Amino acid sequence: MGTITRSFTSKKPSEIMRLIVTTFIGVIFGFFLGVSFPTLSITKLNLPSALLPSVDLSYIEDKYAGHYDWSFMKNNNRSSSRYQSSNDTSKIWVPSNPRGAERLPPGIVDAESDFNLRRLWGKPSEDLATKPKYLITFTVGYDQRDNIDKAVKKFSENFTILLFHYDGRATEWEEFEWSKKAIHVSTRKQTKWWYAKRFLHPDIVAPYDYIFIWDEDLGVEHFDAEEYLKLVRKHGLDISQPALEPNKGLVWQMTKRRDDEEVHKVTEEKPGRCFDPHMPPCAAFIEIMAPVFSRDAWRCVWHMIQNDLVHGWGLDFAMRKCVEPAHEKIGVVDAQWIVHQGIPSLGNQGESEDVGKPPRNGVEHRCRMEWTMFQNRMAYAENAYYKSMGIDMSKSTPP
């Protein structure tokens with residue numbers, strides 16, 4: 001027993017010294033190791049929220065930080081805060097961006113759209129085999145499906161087909177193969193100008209060079225869309241329509257077909273209708289049944305369409321304000337002509353204000369009323385503008 005006790009006593013001082021030295025070295029090593037690495041905050045880690053407990057991690061860090069000297073971490077956080085402040089995305093303000101998008105970096109702004117159909121799979125860049133360059137819209141009822149079928153076949157794959165359904169029967173058109181690729185918009189008892197104002201915003205149709213906004217009752221036996229556009233480009237037309245044939249039912253001489261011309265831009269009207277040979281209806285004039293607009297012309301015309309005036313009467317006389325010189329850039333294409341069949345379809349869905357009168361009477365009454373309202377609004381807007389500019393229009397000739 002005595003021998004064992006002496007042996008333990010003799011080794012104790014050396015072991016104590018070894019423990020002290022080891023502890024000192026460990027403290028020094030730990031200090032330098034801590035200085036060498038930045039503070040790691042679990043609240044800064046980009047971990048899925050499902051992997052973290054539903055507790056306030058920043059609260060935990062703040063609570064336990066009080067037990068230690070976190071001066072290094074605090075200094076580092078202050079530097080980080082200054083960096084974040086200087087890169088705060090709320091500071092972005094680009095006045096040249098579209099209205100409402102001023103806070104976005106310009107590189108992410110996608111201001112335009114189209115009617116191209118997209119897949120639910122694959123790469124977006126591979127969605128489209130071809131990109132249509134033109135847009136054709138028809139405002140239709142199912143009863144005119146055969147007529148529309150003939151019309152659509154006159155337009156190549158360069159056209160996006162858009163049907164506005166005023167009778168609510170949009171799904172029944174799938175008997176036609178082309179209908180499966182067309183765009184269908186359905187709202188009951190609405191006109192093409194109601195649709196145009198709401199679905200043909202210039203930024204939506206911006207990818208299309210030309211926009212056709214046509215009625216459903218047009219005969220197209222003598223019409224080819226691609227040939228039509230060749231003549232439109234050749235003669236520099238921004239607003240146009242195919243000539244009308246036969247003469248029966250023509251309201252204006254301007255839209256009457258001429259056998260010996262490709263395109264005409266002026267005409268002679270009945271006495272008293274034209275006070276200026278360069279003004280409607282003798283020039284700078286087409287009707288609203290089958291208009292064709294260039295992209296730039298449509299951007300202007302769309303803004304001129306009144307939101308509450310749905311029949312479009314009066315627009316044909318005012319479109320000249322959207323191109324310059326109007327008597328050169330508005331015309332009728334004779335070499336590609338159509339027939340206005342005059343089918344009373346949408347008009348028959350109205351209501352007459354007079355007992356015993358057909359529904360179409362109420363529609364025609366509103367058409368005339370809208371024409372007067374549109375003329376008055378245009379005159380008032382122009383007079384107000386000129387007055388604000390200090391120009392006395394009472395001494396000028398009529399517009």
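This is a short walk through one predicted protein model, from the whole chain down to a few local spots.

Okay, so, the overall picture. We have 10 helices and 9 strands in this chain. It runs to 399 residues, and 35% of them count as buried. On the outside, the chain exposes about 25300 Å², with carbon and sulfur atoms supplying 55% of that area. And for the contact-map people: take contacts between residues at least 6 apart in sequence, and 69% of those join residues at least 24 apart.

Let's go inside, to strand β4, residues 210-214. How many of its residues are buried? It's 5 of the 5, so the strand is largely enclosed by the rest of the structure. Look at which way the side chains go: Y210, F212 and W214 point one way, I211 and I213 point the other way, and all are buried. As a reminder, side chains in a regular strand alternate between the two faces of the sheet.

Now, what does β4 pair with? There's strand β1, residues 134-140, which runs parallel to β4 and is joined to it by 5 bridges. If you want a pair to click on, I136 has F212 as its bridge partner in β4. Then there's β8, residues 292-294, joined to β4 by 3 bridges, and that pairing is antiparallel. Here the pair to click on is I211 with F293 in β8.

Next, a helix: α5, residues 192-199. Of its 8 residues, 6 are buried, so this one is also largely enclosed by the rest of the structure. The buried ones are K192, W193, W194, Y195, A196 and K197. Yes, you heard two lysines in that list.

On to a loop. S179 sits between β2, 159-165, and β3, 183-186. Is S179 buried or exposed? Its relative accessibility is 4%, and since buried means under 20%, S179 counts as buried. A polar atom of the S179 side chain lies 3.2 Å from the backbone oxygen of W173. Leaving aside neighbours within four places in sequence, S179 is in contact with W173, E174 and H184.

Last stop, the surface. I16, M17 and I20 form a nonpolar patch there, together giving about 290 Å² of accessible area. I16 belongs to helix α1, residues 2-36. With a relative accessible area of 42%, I16 is partly exposed.

That's my tour. Questions?

Definitions and conventions: Residues numbered from 1 in each chain as written. Predicted model: local features only at pLDDT ≥ 70, side-chain atom pairs only at ≥ 80, totals over all residues. Heavy atoms only, no water. Helix = DSSP H or I, 4+ residues; strand = E, 2+ residues; numbered from the N terminus. Buried < 20%, exposed > 50% of the residue type's maximum accessible area, 1.4 Å probe, protein only. Contact = heavy atoms within 4.5 Å. Areas by Shrake-Rupley, 256 points an atom, 1.4 Å probe, with all protein chains shown as cover. Patch = residues over 30% accessible without salt bridge, like charges linked within 9 Å, V, L, I, M, F, W, Y side chains within 5 Å. Salt bridge = Lys/Arg side-chain N within 4 Å of Asp/Glu carboxyl O. Pairing = 2+ DSSP bridges. Polar contact = N/O pair within 3.5 Å; in protein donor to acceptor, adjacent residues only side chain to side chain.
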